[in-house]
Amino acid sequence: LAKRIPDKIWLISLKQKGTTIELQGAALDNRFVSKFMSDLESSPYFSRVDLITTEQKRSREKAGYSGQKIHTFTLTCSTTAT
């Protein structure tokens, strides 16, 4: 998973139930979310990558991108046996 996270993506939480993984994170824009999803799908370890939610917000002061718009997202994927 760590090798598939592009720059400008921050994971906030990861939950696994069986073979389903739910990832919540933030990105500078939706292009990075799309790239992350494509990178996961191209991995032999993940399949069925689905975007559940995306929302644009203003970043907080301590995030390092004060006042910049960020995109939070939730996606799910399945792990595959290799």
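1. Val49 is buried, with a relative accessible area of 6%. That counts as buried because the cut-off is under 20%. Val49 belongs to strand β3. Keep in mind that this is a predicted model.

2. What does Val49 touch, leaving aside its neighbours within four places in sequence? Its contacts are Met37, Leu40, Glu41, Leu75, Thr76 and Cys77. Of these partners, Met37 and Leu40 are buried residues of α1. Val49 and Glu22 are 27 residues apart along the chain, and their C-alpha atoms are separated by 9.8 Å.

3. Now take the helix. α1 has 12 residues. From first C-alpha to last, α1 reaches 17 Å, close to the 16 Å expected at 1.5 Å a residue.

4. Which residues of α1 are buried? They are Val33, Phe36, Met37, Asp39 and Leu40. These residues lie on the same side of α1, because they cover an arc of only 165° around the axis. The buried residues of α1 pack against four strands: β1 (9-17), β2 (20-27), β3 and β4.

5. Next, the core. The largest nonpolar core has 13 residues. Phe36, Leu40, Phe73 and Leu75 have the most contacts inside it. At least two residues of this core come from each of β2, α1, β3 and β4. α1 gives the most, with 4 residues. There is a general pattern to recall here: in soluble globular proteins, nonpolar side chains tend to be buried together.

6. Phe73 deserves a look in the viewer. Leaving aside neighbours within four places in sequence, Phe73 is in contact with many residues, including Ile9, Leu11, Leu23, Val33, Phe36 and Leu51. Gln24, Gly25, Thr53 and Thr54 are also among its contacts.

7. Is His71 buried or exposed? His71 is buried, with a relative accessible area of 12%. That value meets the definition because buried means under 20%. His71 sits in strand β4 (residues 69-79). Its side chain makes a polar contact with the side chain of Asn30, at 3.5 Å. Not counting residues up to four places away in sequence, His71 also touches others, among them Gly25, Leu28, Asp29, Thr54 and Gln56.

8. Last, a loop residue. Ser43 is found between α1 (30-41) and β3 (46-58). Ser43 is buried, with a relative accessible area of 6%. A polar atom of the Ser43 side chain lies 3.0 Å from the backbone nitrogen of Tyr45.

Conventions: Residues numbered from 1 in each chain as written. Predicted model: local features only at pLDDT ≥ 70, side-chain atom pairs only at ≥ 80, totals over all residues. Heavy atoms only, no water. Buried < 20%, exposed > 50% of the residue type's maximum accessible area, 1.4 Å probe, protein only. Polar contact = N/O pair within 3.5 Å; in protein donor to acceptor, adjacent residues only side chain to side chain. Contact = heavy atoms within 4.5 Å. Expected span 1.5 Å × (residues − 1). Arc of directions from axis to C-beta. Core = buried A, V, L, I, M, F, W, Y, C linked by side-chain atoms within 4.5 Å.
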